[in-house]
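Good morning, colleagues. Please take a moment to look at the sequence and the structure before I begin.

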Amino acid sequence: MQDYNFSENFDRFPLAMAYVPWQHLTSIYEDLDEAFENGTIFPELNKPFTGRRNCK
């Protein structure tokens, strides 16, 4: 197996690639304390961590 030297070929690889879907935010929290507790002013982005996948 050949050693591959990434430092010599680094410019051939993209730094990063991402897919970010368009978000349609339709409402905001009226209560700023509630928004602060949830970490967002948009209820659509309030996705609490439950420690498992969001499966049914």
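Where is the place of Thr40 in this chain? Thr40 is found in the segment after α2. I should say at once that the model before us is predicted.

Let me stay with Thr40 for a moment. Thr40 has a relative accessible area of 13%, and because buried means under 20%, Thr40 counts as buried. Which residues does Thr40 touch, once its neighbours within four places in sequence are left aside? They are Tyr29, Ala35, Leu45 and Asn46.

Let me now place this residue in the chain as a whole. The protein chain has 56 residues, and buried residues make up 7% of them. Its secondary structure consists of two helices and zero strands. The accessible surface amounts to about 6300 Å², and carbon and sulfur atoms account for 56% of that surface.

I turn next to Glu44, which also belongs to the segment after α2. Is Glu44 buried or partly exposed? Its relative accessible area is 27%, so Glu44 is partly exposed. With neighbours within four places in sequence set aside, Glu44 is in contact with His24, Leu25, Thr26 and Ser27. For one of these residues, Leu25, we also have a distance: Glu44 and Leu25 are 19 residues apart in sequence, while their C-alpha atoms are 6.7 Å apart in space.

Finally, I would draw your attention to the charged surface. Which residues form the negative surface patch? The patch is made up of Asp31, Asp33, Glu34 and Glu37. Of these, let me single out Glu34, which lies in helix α2, a helix covering residues 32-38. Glu34 has a relative accessibility of 35% and therefore counts as partly exposed.

Thank you for your attention.

Technical notes. Residues numbered from 1 in each chain as written. Predicted model: local features only at pLDDT ≥ 70, side-chain atom pairs only at ≥ 80, totals over all residues. Heavy atoms only, no water. Patch = residues over 30% accessible without salt bridge, like charges linked within 9 Å, V, L, I, M, F, W, Y side chains within 5 Å. Areas by Shrake-Rupley, 256 points an atom, 1.4 Å probe, with all protein chains shown as cover. Salt bridge = Lys/Arg side-chain N within 4 Å of Asp/Glu carboxyl O. Lys, Arg positive; Asp, Glu negative; His and termini not counted. Charge placed at Lys NZ, Arg CZ, Asp CG, Glu CD. Helix = DSSP H or I, 4+ residues; strand = E, 2+ residues; numbered from the N terminus. Buried < 20%, exposed > 50% of the residue type's maximum accessible area, 1.4 Å probe, protein only. Contact = heavy atoms within 4.5 Å.
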